[in-house]
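Notebook open, and today I am going after charges: who pairs up, who sits at the surface, and where along the chain they come from. Overall numbers go in before the details.

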Amino acid sequence: MAEMGSKGVTAGKIASNVQKKLTRAQEKVLQKLGKADETKDEQFEQCVQNFNKQLTEGTRLQKDLRTYLASVKAMHEASKKLNECLQEVYEPDWPGRDEASKIAENNDLLWMDYHQKLVDQALLTMDTYLGQFPDIKSRIAKRGRKLVDYDSARHHYESLQTAKKKDEAKIAKAEEELIKAQKVFEEMNVDLQEELPSLWNSRVGFYVNTFQSIAGLEENFHKEMSKLNQNLNDVLVSLEKQHGSNTFTVKAQPRKKTKLFSRLRRKKNSDSVPAKGNKSPSPPPDGSPAATPEIRVNHEPEPAGAATPGAALPKSPSQPTENPAGSLPSKEPSAAEGTFAVAWPSQTAEPGPAQPAEASEAAGAQEPGETTASEAASSSLPAVVVETFSATVNGTVESGSGAGRLDLPPGFMFKVQAQHDYTATDTDELQLKAGDVVLVIPFQNPEEQDEGWLMGVKESDWNQHKELEKYRGVFPENFTERVQ
């Protein structure tokens, strides 16, 4: 007991506090059960809601401001390291080294000053603003407890007055406790009724002052930083003028060595030499010209009533009406997108071994109406007409907008214009000058396309020669810009 008394805590005070807690708990239970009325103050409750909202907004603003300051510090460190790297690569005999070093030093000082001013004018102000909330919050909680005490004292006094046996001494004591509880509650309530609205209205001026400070500091920082960057740019321009012959040039992406043009070269060599085992179909016994039935292969399902194998097929407007002996079928494209027509030897002749894959793909790239040397040597070889298909360029599907247009190459997709000179490094590449217009066409085999490279023919070569085999080639996409 003596020890408790030395600390200012007595058994009576402890018992009083315990009794108060029990009384408050009992009163709250009765209020929740509806057996006791509760004093309400809607105006004050609205002030409390505003206070909680203001506290939440201020806490979030403080958190975001700290994040902003951390980002500024991180940018300072990154800028410092970047300038250190510049100092390392800037050789001593280059002009402007001292100026670049001074600029880096000023850059570092500017970042430090900006960060410190943000701390002083924004963060510390924010901390002061939020410092008043904990005390008010505890007073609001205390006011709520005193209100419960007041309600409890009021209910106790009313119950004694309505009792059948009235005890005047108890009634007097209860009245005295009620007056005391009411006085304590009203004092706290009046103070908070004045402070909470004032605090709520102060938020506008605080937000304005905080963000004005941040905006002003950031504006001045960027102005000074802009001057330093301009000075650094001037130093580097001076360095470039003295070493202008060593300027950085645009380079194309490295490409794999595809087999496309090697196959084309093999195809050209094979045009003059018949393939081994390639037999011409024998004419019919009666000596009449060999009939050439047509076989159409479509990507779409055949309509109902389509002819069965071996039956006569209807003639297509895009196919030849006659095929005399010794002549080649027409190579005009068929009307259906994605359809190719193949003319085979007569039904009495047995076709020879299949052509090599390289020759077949090269033949597919041949222009309509063009006859190769191998076709001239053996007029009965199969003739293949390949329609324009949708092509894939760097993952993008491009439709063959040039199909059927005589002034553009087959499969034409779009035009590009060279923005830089490009010197070809291989026989299958286009030599470009800035300003050249190139007609982009699809690769015959999309798998042969390297990333960052396109296939095309220069517009001037196409207009003059109308030939793809000799004048087409690949070129780096980053040297050009799409114009159509």
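I started with burial: 33% of the 484 residues in the protein are buried. I note here that this is a predicted model. For the surface, I got about 30700 Å² of accessible area, with 54% of that belonging to carbon and sulfur atoms.

Next I looked up the secondary structure, which comes to 10 helices and 10 strands. Then contacts: taking those between residues at least 6 apart in sequence, 73% join residues at least 24 apart.

**Salt bridges**

How many salt bridges does the structure hold? I have 11 down. I went through some of them one by one.

Entry one is D41 with R143, where the closest N and O atoms are 3.9 Å apart. This pair ties together distant parts of the chain, 102 residues apart: D41 is in the loop between α2 (11-33) and α3 (42-89), while R143 is in helix α5 (residues 133-161). Is R143 buried or exposed? I have R143 as buried, because its relative accessible area is 4% and the cut-off for buried is under 20%. D41 comes out at 23% relative accessibility, so I put D41 down as partly exposed.

Entry two is E195 with R139, and the N to O distance is 2.8 Å. Here too the pair links distant parts of the chain, with E195 in helix α6 and R139 in helix α5, 56 residues apart. E195 has a relative accessibility of 30%, so E195 goes in as partly exposed.

Entry three is K227 with E224, at 3.9 Å between the closest N and O atoms. I find both K227 and E224 in helix α6, three residues apart, which is about one turn of the helix. K227 is exposed, because its relative accessible area is 51%. E224 has 37%, so I list E224 as partly exposed. I also checked for shared partners: D135, R139 and E195 are joined into one network by salt bridges.

**Charged patches**

Which residues gather in a patch of positive charge on the surface? I wrote down K28, K32, K142 and R145. Helices α2 and α5 each supply at least two residues of this positive patch. I picked K142 for a closer look and found K142 in helix α5. Its relative accessible area is 38%, so K142 counts as partly exposed. That is enough for a patch, because patch residues need over 30% relative accessible area and no salt bridge.

On the negative side, E186, E187, D191 and E194 form a surface patch. I followed up E194, which sits in helix α6 (residues 168-242). Is E194 buried or exposed? I have E194 as exposed, because its relative accessibility is 56% and exposed means over 50%.

**Back over the page**

Helix α5 keeps turning up in my notes: R143 lies there, R139 lies there, and K142 is found there too. Helix α6 does as well, with E195 in one bridge, K227 and E224 in another, and E194 from the negative patch.

Technical notes: Residues numbered from 1 in each chain as written. Predicted model: local features only at pLDDT ≥ 70, side-chain atom pairs only at ≥ 80, totals over all residues. Heavy atoms only, no water. Patch = residues over 30% accessible without salt bridge, like charges linked within 9 Å, V, L, I, M, F, W, Y side chains within 5 Å. Areas by Shrake-Rupley, 256 points an atom, 1.4 Å probe, with all protein chains shown as cover. Salt bridge = Lys/Arg side-chain N within 4 Å of Asp/Glu carboxyl O. Lys, Arg positive; Asp, Glu negative; His and termini not counted. Charge placed at Lys NZ, Arg CZ, Asp CG, Glu CD. Helix = DSSP H or I, 4+ residues; strand = E, 2+ residues; numbered from the N terminus. Buried < 20%, exposed > 50% of the residue type's maximum accessible area, 1.4 Å probe, protein only. Contact = heavy atoms within 4.5 Å.
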